[in-house]
Amino acid sequence: MPPTTTAAPLTDLRPAPADITGEVLAGLSASPRRLPSKYFYDARGSQLFERITREPEYYPTRVELALLEASMPSIAEAVAAHAHVVEYGSGSGRKTRLLLEGLDVPVAYTPIEISRTALLASVERLADEFPGIELLPVCADFTGPVPLPAPSREPGHTLVFFPGSTIGNFTDADATGLLRSMRTTMGPRGQALVGIDLDKDPALIEAAYNDAAGVTAEFTLNLLARLNREIGSDFDLDGFAHRAVYVRERRRIETFLVSRHAQDVTVAGRRFHFAPGEAMQVEYSHKYTDATFGALAAAAGLRVVRRWNDPRDWFGLRLLKP
Ligand code: AVJ
């Protein structure tokens, strides 16, 4: 018999350029100005993020991968068999591979990813490696509700996988909203495995977002290049500088693009003036304690039922249930 193909056609729910323009105009009209960080992840942005994960200062990916590998036997015991694994913001798929290999026979895997290029590349590789798992990719912005494709075999339950401490890119209010929508997606018998970067020595955290090679700066500035290309704005990439600082009281990295001099930027026919030194907020990266993350989960109607940390308590994985 010829091998059956397990990859279903991609469900494309990508945001339209008009949506992006609207969000950018709203952010530029706000005070202080901000731009939405989810638009970092075009094809080049996803590539640059992969490069960041290989920089010596950027510990989260390395620590989480080692943690996931070491904890996989105990995670597999805690997660019910025959899961439909749904990953939010799947990226390169290195963690996915460990999870799909280690779990008790998942029936289907749905990556939800905003970058179409990254999504297709990861699904293509996974199709070869996991011929027994049905692949149901969805290209979408996971910050809104995402209708899940139905696997052809009935899954035992849904496991939402949200690694990378991507939850940290959301304000507490938005993170709660996201966890709530995850709770809806997973259903009453579902589970979620969430990766969180933990609060630690601010110097270590700050270095991770200011790598000496300047890859993070390039990643931040790529947001402007992407907007110029996709919504026709005219940001001058040499006119802005990357700045990332750890704000201890808020337990978060705050990343800005700082205007190097007085300048005007035009977006969709509207002109915005930037003062010299004006800082436009582009990303948050929250770091958690058990108390702060537990409170977020509780606010979303979820409880932390298992926790795994690396030996230095730098990064954690949390299993959540309704
Ligand atoms: C996408 C959440 C894993 O916030 O650490 C890395 C993105 N931004 N360096 C993070 C990011 C700058 C990253 N995550």
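I looked up the ligand shell first, counting a residue as near if its C-beta atom, placed from the backbone, lies within 6 Å; Ile 52, Pro 60, Gly 164, Ser 165, Thr 166, Gly 168, Asn 169, Tyr 209, Thr 216, Phe 219, Glu 283 and Ser 285 surround the ligand. I note that this is a predicted model, in which local features need pLDDT of at least 70 and side-chain atom pairs count only at pLDDT 80 or more, while totals for chains, interfaces and linings use all residues. Residues are numbered from 1 along each chain as its sequence is written.

I sorted the shell by class and found four nonpolar, seven polar and one charged residues, taking Ala, Val, Leu, Ile, Met, Phe, Trp, Tyr, Cys and Pro as nonpolar, Asp, Glu, Lys and Arg as charged, and the others, Gly among them, as polar. At least two shell residues come from each of helix 8 (215–231) and strand 12 (279–286), where helices (H or I, at least four residues) and strands (E, at least two) are DSSP runs, numbered from the N terminus.

I then followed helix 8 to helix 2 (residues 43–53), and the two pack at about 170° with axes 9 Å apart, the axes being lines fitted to C-alpha atoms, for helices over the stretch in contact, with angles from 0 to 180 degrees between N-to-C directions. Helix 2 and helix 8 are therefore roughly antiparallel (over 145 degrees; roughly parallel is under 35, roughly perpendicular 65 to 115, and the rest oblique). The residues of this contact are five nonpolar, three polar and four charged.

Last, I checked helix 3 (residues 59–78) against helix 4 (residues 94–102), which pack at about 15° with axes 9 Å apart, and are therefore roughly parallel.
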